[in-house]
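The following paragraphs walk through one protein model, moving between its charged side chains, its aromatic rings and its overall make-up. Please keep the sequence and the coordinates open while reading.

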Amino acid sequence: MAMDVVDYEIKGAEMQFVEVELDPGEAAIGEAGSMMFMESGVEMDTVFGDGSSQQSGGLFGKLLGAGKRLITGESLFTTVYTNQSSAKKRVAFGAPYPGKILPMDLRQLGGTLICQKDSFLCAARGVSLGIALQRKLGAGFFGGEGFIMQKLEGDGMAFVHAGGTVVRRDLQPGETLFIDTGCVVAYTQGVDFDIQFVGKIKTALFGGEGIFLARVTGPGQVWLQSLPFSRLASRIFAAAPQAGGRGRDEGSLLTGVAGAGLLGGLLGGDQE
C-alpha cells in the first residue's frame, strides 16, 4: 500500500504535541487515546490492527496486524483519521508524559525502525507496526523490553515519543556504546543490540544502575532518552503516601500549624 505523505508541526516544550496536516483523501493512524484535536472534515474510524492493511490485506491482514499489536502489549485497535473534505485539514496527537516527540522519516532510515513498545505515537497511513524479536537470550531476559520490541516499517513519517531530553548518536562500524537499558528509545536495523553484565558484584548491588547495561554496536543510529517512564513512575510511587513518602502531607511547619488552627476554628465554632 502506498504511503501517505503528510506535513507536520511539533509544538510545545516539555509536553509536546504534533499537528499532522492531511491533504484531501490522506490519513494518519494513531494510538488509542493519543488524539488531541481534529478539524471538521476529518473522520476517525477504529480499525483492527495498525491500519496499514485495511484496504489490501483482507481479513487475514487485519488479524495479523491485530495479533502483532497484542503481542507488543498494545491495543488490538488503532484509530485512522481520514480527511474526507476538499481542503487541507489538521489532526493533533499529544504526548502521554513529559518528553520529546521525534519525527522519523522511515525512507531515510532504511525503511525500518526498532523502538520501545510504548514509544509509538502516530504515523502516516501505510506505515506498518510489527514486532521485533531479540535473537539473543541475554537481550531477551534482561533487556528491559524482553524479547519483543516494536518494529515500524514503510517509507512514510512516523512519530515516536521519549521521556526527558533525547539525543541521537550516529555509530560508526564497530563503535560501541553502553547504555542504561531503559534509556534506549529506538535504533536502526543495522545496529547490534545486546545486554552486558556491569562486571562487578559491588557495583551491581550498590551502584544504583542495575545489574545489566545495553550494548549497542554500529553501524547505525540510536536514540537515547534521559528520563525513561519506568524511572519517572518509580519516583512518583516512592513519594506516594502508601509507599512511605510524604505525599500530600508535605509542607512546612507553619502550614501545619495554620491548618490545625483552621480546623480548630471550624470544629469549635465562633467563640464570641
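In this predicted model, R215 is a suitable place to begin, because its relative accessibility of 24% makes R215 count as partly exposed, the cut-off for buried being under 20%. The side chain of R215 meets that of D194 in a salt bridge, with 3.1 Å from N to O. This pair links distant parts of the chain, since R215 belongs to strand β18 (residues 212-217) and D194 to strand β17 (residues 192-197), 21 residues apart. The acidic partner, D194, has a relative accessible area of 12% and is therefore buried.

The salt bridge just described belongs to a wider set, for the structure holds ten salt bridges. Another joins R90 to E9, whose closest N and O atoms are 3.3 Å apart; here too the pair links distant parts of the chain, with R90 in strand β7 and E9 in strand β1 (residues 7-11), 81 residues apart. E9 has a relative accessibility of 35% and so counts as partly exposed. Both R90 and E9 also take part in a network of salt bridges, in which they are linked with K11, E19, E21, D23 and K88.

A further salt bridge is formed where the side chains of E175 and R169 meet, at 4.0 Å from N to O, a value that can be read against the cut-off of within 4 Å used for such pairs. E175 has a relative accessible area of 28% and is therefore partly exposed, and R169, at 34% relative accessibility, likewise counts as partly exposed.

Which side chain of opposite charge is nearest to K151, a residue that is buried yet has no salt bridge? That side chain is E153, which is 4.4 Å away, and because a salt bridge requires a side-chain nitrogen within 4 Å of a carboxyl oxygen, a pair at that distance is not counted. K151 lies in strand β12 (residues 148-153), and, if its neighbours within four places in sequence are left aside, K151 is in contact with T112 and L113 as well as with S128, L129, G130, I131 and A132.

From charged groups the account turns to rings, of which the structure holds four aromatic pairs. One of these is formed by Y81 and F93, an edge-to-face arrangement with 5.3 Å from centre to centre and 80° between the planes. Y81 lies in strand β6 (residues 77-83) and F93 in strand β7 (residues 89-94), so the pair ties together parts that are twelve residues apart in sequence. Both Y81 and F93 are buried. In another pair, the ring centres of Y187 and F193 are 5.5 Å apart and the planes are at 5°, so this pair is stacked, and both Y187 and F193 are buried.

These local features can be placed within the protein as a whole, whose secondary structure comes to five helices and 19 strands. Of the 272 residues in the protein, buried residues make up 42%. Among contacts with a separation of 6 or more, residues 24 or more positions apart account for 75%, and the pair of R90 and E9, 81 residues apart, is an example of a link between distant parts of the chain. The accessible surface of the protein comes to about 14,500 Å², and 57% of that surface belongs to carbon and sulfur atoms.

Note on methods. Residues are numbered from 1 along each chain as its sequence is written. This is a predicted model: local features need pLDDT of at least 70, side-chain atom pairs count only at pLDDT 80 or more; totals for chains, interfaces and linings use all residues. Side-chain values use heavy atoms; hydrogens and water are left out. Helices (H or I, at least four residues) and strands (E, at least two) are DSSP runs, numbered from the N terminus. Buried means under 20% relative accessible area, exposed over 50%, partly exposed in between (1.4 Å probe, protein chains only). Contact means heavy atoms within 4.5 Å. Accessible areas come from the Shrake-Rupley method with a 1.4 Å probe; for residues, only the protein chains shown count as cover. Rings of Phe, Tyr and Trp (its six-membered ring) pair if their centres lie within 6.5 Å; planes under 30 degrees apart count as stacked, over 60 as edge-to-face and the rest as tilted. Lys and Arg count as positive and Asp and Glu as negative; His and the chain ends are not counted.
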